[in-house]
Amino acid sequence: HMSDNYLNIYNNLINLTRNKLLYKNLNSEETFSIRLTFYLIHFAFFLKIYKTEEKKLLQKIYDFNFRQLEISIREIGYGDVSINKKMKDYLNLFHKLILEIEDWEEKNNNKKKEFFLNYVDMNSNTAFFVDYFDKYINLLKKNSLNSFSNNIIKLDI
């Protein structure tokens with residue numbers, strides 16, 4: 001069933017976002033907001049790598065993922081008005097991320113490090129994030145969208 005595939009994609013992205021190493025290199029506590037930022041960065045790279053896939057399918061994956069995010073925000077206990085504002089903020093952030101990673105392969109390591117510094121309050125170990133997300137991109141390239149939606153994807157770091 002197709003919506004199971006969307007859920008698998010969402011769960012794969014969530015599982016990647018839960019990688020403890022991502023949070024070890026931060027200055028601040030692991031918060032919902034930081035987890036969400038990492039989730040959106042993972043999802044942005046996901047859409048970038050699979051952008052040649054069928055547009056309608058990608059739109060459905062996009063819609064499903066943002067619906068799931070909204071459910072998560074509701075579960076935390078935000079009211080309707082603040083949920084709408086939060087969702088708008090997260091969508092704006094996501095579209096900013098998408099634009100900034102468009103030319104990821106052309107960026108040098110300093111530009112990549114700068115990208116992470118702009119979005120995540122991290123300690124000096126920015127090289128970790130560049131390395132991590134480059135490995136993540138390779139993982140996406142090695143796996144078809146189909147395998148990402150049917151299997152549990154693990155990133156070995």
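Is Trp104 buried or exposed? I started there, bearing in mind that the model is predicted. Trp104 comes out buried, at a relative accessible area of 1%.

**Entry 1: the rings around Trp104**

I listed the aromatic pairs and got 26 of them in the structure. One of them joins Phe45 and Trp104, edge-to-face, with 5.0 Å from centre to centre and 75° between the planes. I then looked up where the two residues sit. Phe45 belongs to helix α3 (residues 32-49), while Trp104 is in the loop between α5 (80-101) and α6 (109-119), so the pair ties together parts 59 residues apart in sequence. Phe45 has a relative accessibility of 0% and counts as buried.

Next I checked Trp104 against Phe116. Their ring centres are 5.7 Å apart and the planes stand at 80°; angles over 60 degrees count as edge-to-face, so this pair is edge-to-face. Here too the pair links distant parts of the chain, with Trp104 in the loop between α5 and α6 and Phe116 in helix α6, twelve residues apart. Phe116 is buried as well, at 0% relative accessibility.

I then asked which residues share one aromatic cluster with Trp104. The cluster consists of Tyr23, Phe38, Phe45, Trp104, Phe115, Phe116, Tyr119, Phe128, Phe129, Tyr132, Phe133 and Tyr136.

**Entry 2: helices α3 and α7**

I compared end-to-end lengths with the expected spans. Helix α3 has 18 residues and reaches 26 Å from its first C-alpha to its last, close to the 26 Å expected at 1.5 Å a residue. In α3, 15 of the 18 residues are buried, so the helix is largely enclosed by the rest of the structure.

Helix α7 covers residues 126-142, which is 17 residues. Its end C-alpha atoms are 25 Å apart, and this agrees with the 24 Å that the helix should span at 1.5 Å a residue. For burial in α7, I noted Thr126, Phe128, Phe129, Val130, Tyr132, Phe133, Tyr136, Ile137, Leu139 and Leu140.

**Entry 3: α6 against α7**

At what angle do α6 and α7 pack? I read off about 100°, with the axes 9 Å apart. Angles of 65 to 115 degrees count as roughly perpendicular, so α6 is roughly perpendicular to α7. On the α6 side, the contact is made by Asn109, Lys112, Lys113, Phe116 and Leu117. On the α7 side, I found Thr126, Ala127, Phe129, Val130, Phe133 and Asp134. By type, the residues of this contact divide into six nonpolar, two polar and three charged.

**Entry 4: two lysines**

I looked up Lys112, which is in helix α6. Lys112 counts as buried at 8% relative accessibility. Leaving out residues up to four places away in sequence, I found Lys112 touching Trp104, Lys107, Val130 and Asp134.

Lys48 is placed in helix α3. The relative accessibility of Lys48 is 11%; the cut-off for buried is under 20%, so Lys48 counts as buried. With residues up to four places away in sequence again left out, Lys48 touches Ile101, Glu102, Trp104 and Glu105. Trp104 is thus listed for Lys48 and also for Lys112.

**Entry 5: Asn65**

I placed Asn65 in helix α4 (residues 55-76). Asn65 is buried, with a relative accessible area of 0%. Which residues does Asn65 touch, not counting those up to four places away in sequence? I noted Ile9, Tyr10, Leu13, Tyr39 and Phe43. I also took one distance from Asn65: the C-alpha atoms of Asn65 and Asn138 are separated by 22 Å, with their positions 73 residues apart along the chain.

**Entry 6: Phe148**

Phe148 lies in helix α8 (residues 145-150). At 0% relative accessibility, I logged Phe148 as buried. How far apart in space are Phe148 and Asn5? C-alpha to C-alpha, I got 8.5 Å, for two residues 143 apart in sequence.

Finally, I listed what Phe148 touches, not counting residues up to four places away in sequence. The list reads Asn8, Ile9, Asn12, Leu13, Leu16, Phe46, Tyr50, Tyr136, Leu140 and Ile153. Among these, Tyr136 and Leu140 are buried residues of α7, and Tyr136 is also a member of the aromatic cluster. Ile9 and Leu13 are on the list for Phe148 and on the one for Asn65.

Key:
Residues are numbered from 1 along each chain as its sequence is written. This is a predicted model: local features need pLDDT of at least 70, side-chain atom pairs count only at pLDDT 80 or more; totals for chains, interfaces and linings use all residues. Side-chain values use heavy atoms; hydrogens and water are left out. Rings of Phe, Tyr and Trp (its six-membered ring) pair if their centres lie within 6.5 Å; planes under 30 degrees apart count as stacked, over 60 as edge-to-face and the rest as tilted. Helices (H or I, at least four residues) and strands (E, at least two) are DSSP runs, numbered from the N terminus. Buried means under 20% relative accessible area, exposed over 50%, partly exposed in between (1.4 Å probe, protein chains only). The expected span of a helix is 1.5 Å times one less than its number of residues. Axes are lines fitted to C-alpha atoms, for helices over the stretch in contact, and angles run from 0 to 180 degrees between N-to-C directions. Angles under 35 degrees count as roughly parallel, over 145 as roughly antiparallel, 65 to 115 as roughly perpendicular and the rest as oblique. Contact means heavy atoms within 4.5 Å. Ala, Val, Leu, Ile, Met, Phe, Trp, Tyr, Cys and Pro count as nonpolar, Asp, Glu, Lys and Arg as charged, and the others, Gly among them, as polar.
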